[in-house]
Amino acid sequence: MDERAEFLAATIKKKRGNVRMNQRDLALRAGLSISTIRALEQGRRPGSVGTLQAVAHALDITIADLLGKAKALPGDGPDAGIVAIRRVLTSVDDLLDDVVETDEPVSLRATSRDSTYAWGAYWGGRYEELSALLAQAMIRARAAEHASSPKEREAVADKLAQLYQVASCTLVHLGHPVTAWLAWDRARQAAKRGSDPLRVSALQGSASWLLLTEGRYEDSVEVATKTAEKIEIDGKSSLPQLSVYGNLMLSAATATGRNIKLRTRAAKADDFLTEARAIAERTGERNDYESAFGRNQVIMQTADVQVVTEQFSKVLRTARTMPRDAGLPLAARSRHLTDVALAQTRLGMDDHAANTVLSISTAAPDWINHQTLYKAVVGELDDRLVKTPLHELAQKIGANSEAP
């Protein structure tokens, strides 16, 4: 039994004992088989995100409590999780038309629960946790699709597409772009088997972002704009249609702003932002297809474009229009504040910038470990400020002073 499995086994036994629950009671309350509970307590299985969430819920604790701040996560760090994810993505089951084998309960409900938890972890910036849990979640979802009735199969395929998509996004942050594309392609295939054609369009937005992260800005804009053209926007458009369209406009704006070969990049990006802003006035704040859209998201991406086009005074003016109760996901809010910190740094407001980056480190300690821009800003400030709390932070995250 390795250390992580031993920790998880001991935690379940302890928590179960605290509430005077035997293994059978826990199995019934969690909706799992008693053999699964025994395997967990004997350290013979790491447990998928769905299984661990069911156990945590039955014990009235959070999954983070159960995992002891990820000490019990399977694998030896994110790379071990990446290997497992890659194996799932390159499985030959589909080629052989085999049924995916799993001894855990599979259903639309369990797959939906896995997807909801995974996206919550993603927007919370907990990428290493996701790298350790996603492989089993995808295996369960694939098994659920095979086992589902014709009536539910399309809905399960939608959820499987969501898991592949969150895997793709997570892999980008962990530095595995090639595998991220593989996960994205799996997501597209699952979405086509699903019940919602608009999800395929939403996934094109993810493709645009993947291209942006590779510096393929013209391709990113083309994917976003051509996909948007296929979504009819008129007085009869649904709110999800408007939301997906608006996010595609934001994707086009952020990619355009980074394209230094385009002499009019600031103006062209602003055209896309203006269109997104008009859509946001119609939608209000939305969260469709695992992506937020609305006025607050437009403000955030406007600041992003102003940063990359070096309009730093405008960044701070734009940021002041963000409502205090904006409700952005933690990862999105942290990214926006990093833009603010960079603008403050460029304008010589070092003390303000230091306070901003320290507030981000307090709110999102996991997220900052995988953010190049954040590390660059911290590194630059650390070079200029003497004897501040930033020095310890810079050393901890390996910050450098190569901010753009």
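**Cores, two buried helices and a pocket**

Good morning. The largest nonpolar core of this structure has 81 residues, and Val55 and Tyr374 are those with the most contacts inside it. Helix H10, residues 150-173, gives the most to this core, contributing nine residues. Apart from that core lies another, of 26 residues, including Val221, Leu242, Met249 and Ala253.

I should state at once that this is a predicted model. The mean pLDDT of the chain is 87, and 87% of its residues reach 70 or more. Two stretches call for separate mention. Over residues 69-78, pLDDT stays under 50, and the model has 23 contacts beyond four places in sequence for that stretch. Over residues 95-99, pLDDT also stays under 50, with three contacts beyond four places in sequence.

Let me return to Val55. Which residues is Val55 in contact with, leaving aside its neighbours within four places in sequence? They are Ile12, Leu26, Ala30, Leu32, Ile37, Leu40 and Leu66.

I turn now to helix H10. This helix has 24 residues and reaches 36 Å from its first C-alpha to its last, close to the 34 Å expected at 1.5 Å a residue. Of its 24 residues, 17 are buried, so H10 is largely enclosed by the rest of the structure. Just after H10, Gly175 takes a positive phi of about 85°.

The next element is helix H16, residues 295-308. Its 14 residues reach 20 Å from the first C-alpha to the last, close to the 20 Å expected at 1.5 Å a residue. Why is H16 described as largely enclosed by the rest of the structure? The reason is that 12 of its 14 residues are buried. Among them are polar names as well as nonpolar ones, and I list some: Asn296, Gln297, Thr302 and Asp304, together with Val298, Ile299 and Met300. The buried residues of H16 pack against helices H14 (239-258), H15 (265-283), H17 (312-319) and H18 (330-346), and against strand S2 (291-293). Just after H16, Glu310 takes a positive phi of about 60°.

Two of those packing partners, H17 and H18, lead to my final topic. Each gives two or more residues to the lining of the second largest pocket. About 380 Å³ of space lies in this pocket. Its lining comprises 13 residues, of which Ala319, Met322, Pro323, His336 and Leu337 lie nearest its centre. Where does the largest share of that lining come from? It comes from H18, with four residues.

Thank you for your attention.

How values were computed:
Residues numbered from 1 in each chain as written. Predicted model: local features only at pLDDT ≥ 70, side-chain atom pairs only at ≥ 80, totals over all residues. Heavy atoms only, no water. Core = buried A, V, L, I, M, F, W, Y, C linked by side-chain atoms within 4.5 Å. Buried < 20%, exposed > 50% of the residue type's maximum accessible area, 1.4 Å probe, protein only. Contact = heavy atoms within 4.5 Å. pLDDT = per-residue confidence, 0-100. Expected span 1.5 Å × (residues − 1). 1 Å grid on protein atoms, 1.4 Å probe; cavity = no way out; pocket = protein on both sides within 12 Å on 5 of 7 lines; lining within 4 Å. Points joined across faces, edges and corners; volume = space filled by probe spheres on them.
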